[in-house]
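Please open the model in a viewer and keep the sequence panel visible. The tour below proceeds by selection, one stop at a time.

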Amino acid sequence: MLTVDGIPAHPLVVHAVVVLLPLAAVGTLLVVARPLWRQQLGVWVLLLALAGVAAVPVATQTGEQLQRALGGGGPLVEIHEHRADTLLVPALIFLVLLAATVLVGRRAQVGARVDGPGAAHATVSNPATLQRVTLVTGILAALAGLVVTGLVVWIGHAGSAAAYSGVGG
């Protein structure tokens, strides 16, 4: 079982998922709301999302290791495990939509500068079309981020119920 200074890695890795994915979802709302914020923060938000998504399979793997080390688990652990298995695909969709938003948005800004008023059309892509694509992918990324955040809460609640059932009452 993977440990960090003798502590099972699962609770530590889970916190990367629990913090980074919702933080990236909030950041996505910001970069969708204002093109200037997308320009300034987009790459950083994308890196947060990438780190959060990368932590998902590590959290799943370390959770399985912890479950084996503890000799299985009860029905609450199984609920948590089944819920956790639903996160990776929506998180990847969120990441792809966010990447499209940030990268196409950057391309739209470059194209707008090159194709500005009075300039010869030196680029193949139409900046207005790229801006519309950025808006659509941004809205979809924001919605996907909210879905992922909801899943993280749903999965985390099941994990907390499994870990702390019978404690305090």
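What is the mean pLDDT of the protein chain, and what percentage of its residues reach 70 or more? This is a predicted model, and colouring it by confidence is a suitable start. The mean pLDDT of the protein chain is 90, with 89% of the residues reaching 70 or more. Within the protein chain, the highest confidence belongs to α1, with a mean of 97, and the lowest to helix α4 (residues 88-114), with a mean of 89.

**First stop: α1 and α2**

Select residues 9-33, which form helix α1, together with residues 35-69, which form helix α2. The two axes come within 7 Å of each other and cross at roughly 155 degrees. Angles over 145 degrees count as roughly antiparallel, and α1 and α2 are therefore roughly antiparallel to each other. The crossing in which α1 passes α2 is left-handed. Colour the residues of this contact by type: 26 are nonpolar, seven are polar and one is charged.

**Second stop: α5 and its partners**

Keep α1 selected and add α5 (127-164). At what angle do α1 and α5 pack? The angle is about 155 degrees, and the axes are 9 Å apart. That angle makes α1 roughly antiparallel to α5. The crossing of this pair is left-handed.

Now replace α1 with α3 (75-84). Helices α3 and α5 pack at about 160 degrees, and 8 Å separates their axes. α3 and α5 are therefore roughly antiparallel to each other, and α3 passes α5 in a left-handed crossing.

**Third stop: the largest pocket**

Which residues lie nearest the centre of the largest pocket? Select His10, Val14, Gly63, His80 and Gly159, which hold that position among the 30 lining residues. Two or more lining residues come from each of α1, α2, α3 and α5, so this stop brings together the helices already visited. The largest share, eight residues, is given by α5. The space in this pocket amounts to about 790 Å³. By type, its lining divides into 16 nonpolar, eleven polar and three charged residues.

**Fourth stop: the second largest pocket**

Which residues line the second largest pocket? Select Val32, Ala33, Pro35, Arg38, Gly105, Ala108, Gln109, Gln131, Thr134 and Leu135. At least two residues of this lining are supplied by each of α1, α2, α4 and α5. The pocket holds about 150 Å³ of space. Five of the lining residues are nonpolar, four are polar and one is charged.

**Final view**

To close, display both pockets with the helices that line them. α1, α2 and α5 each give two or more residues to the lining of the largest pocket, and each supplies at least two to that of the second largest.

Conventions:
Residues are numbered from 1 along each chain as its sequence is written. This is a predicted model: local features need pLDDT of at least 70, side-chain atom pairs count only at pLDDT 80 or more; totals for chains, interfaces and linings use all residues. Side-chain values use heavy atoms; hydrogens and water are left out. Axes are lines fitted to C-alpha atoms, for helices over the stretch in contact, and angles run from 0 to 180 degrees between N-to-C directions. Helices (H or I, at least four residues) and strands (E, at least two) are DSSP runs, numbered from the N terminus. Angles under 35 degrees count as roughly parallel, over 145 as roughly antiparallel, 65 to 115 as roughly perpendicular and the rest as oblique. A crossing is left-handed if the near helix is turned anticlockwise from the far one by less than a right angle, and right-handed if clockwise. Ala, Val, Leu, Ile, Met, Phe, Trp, Tyr, Cys and Pro count as nonpolar, Asp, Glu, Lys and Arg as charged, and the others, Gly among them, as polar. pLDDT is the predictor's confidence in each residue, from 0 to 100. On a 1 Å grid over the protein atoms alone, a cavity is a set of points where a 1.4 Å probe fits but cannot get out, and a pocket is an open set with protein on both sides within 12 Å along at least five of seven lines; lining residues have an atom within 4 Å of a point. Grid points are joined across faces, edges and corners, and a volume is the space filled by probe spheres set on the points.
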